[in-house]
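Trainee: I am new to this structure. Please take me through one part of it closely, the sheet and what packs on it.

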Amino acid sequence: MISCTLVLHDPNALRAAAFASILSPWAQQSQVELRITHDPEELADLPDLGTTACIYPIGGWSLRHPNVTRTIARLRAISPTSPLIVFADEADSAEIAAAIDGGLQGFIPTTMPANVALAAIQFIINGGTYHPHPLAGARSPAPLPVARVRTLDDHRPAAPDR
């Protein structure tokens with residue numbers, strides 16, 4: 001028996017298919033119906049199958065990008081009580097803060113291992129919220145160059161060939 005519906009909304013068909021390939025086995029095991037939409041208006045036609053959550057992958061766009069804010073507003077207007085989860089390539093502290101300030105129930109960086117992302121989705125569907133710690137999305141600084149260790153032999157003239 002299906003307990004809820006998870007909608008994957010992505011206007012990018014190839015990216016949606018990639019995410020669906022990860023989500024589908026989990027959804028079957030968790031008895032969650034997975035639906036894929038490419039246009040927010042398709043959500044209005046979905047039957048009410050219980051608690052519905054919506055995943056919206058934004059790729060490398062910011063949560064403050066006009067297309068993203070417009071789509072989030074439309075998704076919320078169509079399904080105001082559904083948890084909204086964003087998958088994002090950029091997970092810096094400003095994006096995480098924007099997700100929290102925007103009331104998103106989930107902000108999942110695409111750098112996260114798939115099993116952790118699936119656990120976060122399950123947690124959100126069960127009523128929780130998930131936002132990574134801001135430092136979790138911070139980029140590591142470039143490694144420092146390794147200093148060459150100099151030895152006494154570095155200063156000796158080369159021995160003549162015999």
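Mentor: Here is the sheet, then its helices, one residue within them, and the confidence values. This is a predicted model, where local features need pLDDT of at least 70, side-chain atom pairs count only at pLDDT 80 or more, and totals for chains, interfaces and linings use all residues. Residues are numbered from 1 along each chain as its sequence is written, and side-chain values use heavy atoms, with hydrogens and water left out.

Start with the sheet. It is open, has five strands, and runs in the order β2-β1-β3-β4-β5 with parallel pairing. Strands (E, at least two residues) and helices (H or I, at least four) are DSSP runs, numbered from the N terminus. Two strands pair if DSSP finds at least two bridges between them. At the edges sit β2 (32–37) and β5 (106–109), and each pairs on one side only. On average, neighbouring strands are turned by 20° against each other, direction ignored. Axes are lines fitted to C-alpha atoms, for helices over the stretch in contact, and angles run from 0 to 180 degrees between N-to-C directions.

Now look at one pair. Strand β4 (residues 84–88) runs parallel to β5, and four bridges join them. F87 has its bridge partner in β5: I108.

Next come the helices. Helix α2 (residues 66–78) packs on the sheet and touches β1 (4–9), β3 (52–59) and β4. Contact means heavy atoms within 4.5 Å. The direction of α2 makes about 170° with that of β3. Helix α4 (residues 114–125) also packs on the sheet, touching β1, β3, β4 and β5. Its direction makes about 175° with that of β5.

Pick out I121, which lies in helix α4. I121 counts as buried because its relative accessibility is 0%. Buried means under 20% relative accessible area, exposed over 50%, and partly exposed in between (1.4 Å probe, protein chains only). Leaving out residues up to four places away in sequence, I121 touches L6, L23, W26, I55, I85, F87 and I108. From I121 to F107 is 14 residues in sequence and 9.7 Å in space, C-alpha to C-alpha.

Two cysteines are worth a glance. C4 is buried, at 4% relative accessibility. C54 is buried too, with a relative accessible area of 7%. The whole structure has zero disulfides (pairs of cysteine sulfur atoms within 2.5 Å).

Last, confidence. pLDDT is the predictor's confidence in each residue, from 0 to 100. The protein's mean pLDDT is 83, and 78% of its residues reach 70 or more. Over residues 137–151, pLDDT stays under 50. For that stretch the model has seven contacts beyond four places in sequence.
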